[in-house]
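Reader: I would like a close look at a single part of this model, beginning with one side chain and its partner. Could you take it slowly, and then set it beside other parts of the fold?

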Amino acid sequence: MELRLRPYQEEVVQAALRGENSIIWLPTGGGKTRAAVYVAEKHLETKANAKVAVLVNKVHLVDQHYMKEFGHYLRHKYRIKAISGDSSEKDFFGRLVRVSDLVICTAQILENALNNMDEDKHVEITDFTLLIIDECHHTNKESVYNKIMWRYVEKKVRKEGRLPQILGLTASPGTGGNKSLDKAVEHVLQICANLDSKIVSTKNYTPMLQNFVPKPKKEYDIVERRDKDPFGDHLKSMMLMIHEFMPATVGSSLRELGTQEYEADVVELEKAGVKVKNRLIAQCALHLRKYNDALLINDTIRMVDAFRVLEEFYNTRSSKLLDGTDIFLQGLFDENSLELKHLASDARYENPKLAQLQSRLLEEFQDTNSRGIIFSKTRRGTHCLNDWVKTNRELQRVNITAGILTGAGNGANNMTQTEQKSVISHFRQGYLNLLISTSVAEEGLDIPECNLVVRYGLLTNEIAQQQASGRARASNSVYSVVADVGGREVRKELVNEYLEDLTARAIDEVQRMSPVDFRHKVFELQKTAVVIRMEAERKRDAKKQRYSPGQVQLQCRSCFASVCSGGDIRKIENSHHVNVNTEFKNHYKVGGQVNMERTFEDWEPGRIISCRRCGEDWGFEIKFKKVAILPCLKIKSFSFNTPKETKPYKKWKDVEFQRPRCNIADEGIEMDEWTLPRRQNQKFLLAPCCMSLQTNLCVSVMA
């Protein structure tokens, strides 16, 4: 199939066709990916031993780019493979690369292959002649894109070997949060340095681009705050009672109830309680965060949704009361639950933003061909809004059929990749005409032109705002911001509008630099980045050896029960952390089976595990290599106590002691103690494991 470009696309690919590293800057809907397909085709035609990798940052974009773009135009001439985390082919990625002309994969797959020394899995960055990086504005800080490009930049600075050509694609590199032109220019230059590329955009065909990608009409749907909020007031009175239950100095240091600032305060308060092993403070902070979640939901969606958040939370804890703190907190909710439920059902005090949203939807969906997206901040928020749409008679009268689109994962409100694909497909085909989505739909997705995009209770940066508004590409489309009068959402939108303009000015400044000055500035930034990264790695390596494993004690983050020594911890494949001490089995109990959509090369999920003492969720079992049953623990469910302090960690890579690789044969474990019923004459070993997925442990270090 012949591939043709619009004039403005032809303009922005010229540098890439000359073999130069470049970043194509075009708005959402401007055809960046189509331009990249054209570059890939010409590269494969003209470059000896050419090999192209297309990197994306979301799993569903792998299939999308294959079916709609690269595969659609090139698979009749070239060997093309699409590989994502749910594909078994990732397990021999290196072999596939060697027999393919072009691979489309998530950046993490390539990063894993660069680190894996197994011959079937390993690749070098120099195996490729062209890297196409989608949504390349994410190439910063510790992102996986930047980890890949660090290798590139390091080789360039050291003048090591032949390097692939780079082609980045973005709708906006942003300003990095900077509000001055000089700082915004520095940010754009840093993105250019990270990608070793110059940034290109259309200069000669701007009116044509604007015609193909018209901007939607922006509407501020502002509502007055409700005069009375008895439900919210009652929640706040309960929170103040918890404040009074804590030491007097604690509650007075917290900021305004029902705000993001308050949430940040109680998150830090919980950590502080864990560090000093004060269960009263830690548990009160945990419960206050849940009440604050309810206040935030009450402020954006329905009162009944806010009540359900608390009801679900306390229903799971009512059988796990450990001490007087638990009894007080559970009793407080139980004593007030009927009153809260009654207040939540009083329609007189319902959220006025919902009425405004209903009005906007009714107006736009009078046309039976209408399509829209509502962007919500949280996964739970999308579910609440979806329930509201489906139970709203007025919205059903205009035949609104809604679907949820959130990020993939294993949590209660997460979607599987199959579910994501199904929703997107149904929206494309018209079975759904309204998507209720988190930020996952802001960038990259190939979805039909919408005539309505609504930002509902959302505070994001200028990049996300541009991406979202770019979804409203139909004729006479509307981009609506639903917010309270004087609310933060409106102020943030106005700031983002300024930053969007500032981004364009910064890019123009960078493009007007002389080639010599630009290359010099980029190379200086790259040399500095290499030095900074080497120093950071040195510090990380030193930190990992700060304590000997035997000095560290893991404790349950909820009840502070000591469960094992750091010396019991071993690594499996750098992603699972296991405890080889057979005594650990005495500290947990097992629950229901964990089901995952994906399959993994060396393990499969087993049963949920939890603290035997307090019921805290510790993770789940895995069956490793069909030989050992390994309970995997969430690191966030534990705290680490070193000779100097007790502290929680988010990720295993941050702990301050070495975890050697696990070799079951060398551990001297008595197999019979862990034996499960025989299957095909095979014994199964049971040992504990701490995964780096989601983690909640508390580790304490012995002096």
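Author: D387 is partly exposed, with a relative accessible area of 29%, where buried means under 20% relative accessible area, exposed over 50%, and partly exposed in between, for a 1.4 Å probe and protein chains only. The model is predicted, so local features need pLDDT of at least 70 and side-chain atom pairs count only at pLDDT 80 or more, while totals for chains, interfaces and linings use all residues. Residues are numbered from 1 along each chain as its sequence is written, and side-chain values use heavy atoms, with hydrogens and water left out.

The partner of D387 is R302, and the closest N and O atoms of this salt bridge are 2.6 Å apart; the term requires a side-chain nitrogen of Lys or Arg within 4 Å of a carboxyl oxygen of Asp or Glu. R302 lies in the loop between α13 and α14 (303-317) and D387 in helix α17 (residues 379-391), so the pair ties together parts that are 85 residues apart in sequence. Helices (H or I, at least four residues) and strands (E, at least two) are DSSP runs, numbered from the N terminus. Unlike its partly exposed partner, R302 counts as buried, at 11% relative accessibility.

This pair can be set beside others, since by this rule the count comes to 51 salt bridges. Between E69 and R34 the N to O distance is 2.7 Å, and because E69 lies in helix α4 (residues 60-74) and R34 in helix α3 (residues 32-46), the pair joins parts that are 35 residues apart in sequence. E69 is buried at 13% relative accessibility, whereas R34 is partly exposed at 26%. A further salt bridge, at 3.0 Å from N to O, brings together the side chains of E621 and R607; E621 is in strand β20 (residues 617-624) and R607 in strand β19 (residues 603-611), 14 residues apart. E621 is buried, with a relative accessible area of 4%, and R607 is partly exposed at 31%. Elsewhere, E41, K42, E45 and K77 are joined into one network by salt bridges that share partners.

The nonpolar residues give a second view. A nonpolar core is a set of buried Ala, Val, Leu, Ile, Met, Phe, Trp, Tyr and Cys residues joined through side-chain atoms within 4.5 Å. The largest such core has 56 residues, of which F231, Y291, L361, I374, L385 and L434 touch the most other members. Its largest share, eight residues, comes from helix α13 (residues 279-300). L385 is in contact (heavy atoms within 4.5 Å) with I301, L354, L357, I374, S376, I436 and Y456, when residues up to four places away in sequence are not counted. Another core lies apart from it and holds 43 residues, among them I83, V97, L189 and F518.

There is also an open sheet of seven strands in the order β3-β4-β2-β5-β6-β1-β7, with parallel pairing, where two strands pair if DSSP finds at least two bridges between them. Its edge strands, β3 (80-83) and β7 (198-200), each pair on one side only. Within the sheet, β5 (residues 130-133) and β6 (residues 165-170) run parallel and are joined by four bridges, and I132 stands opposite L167 in β6.
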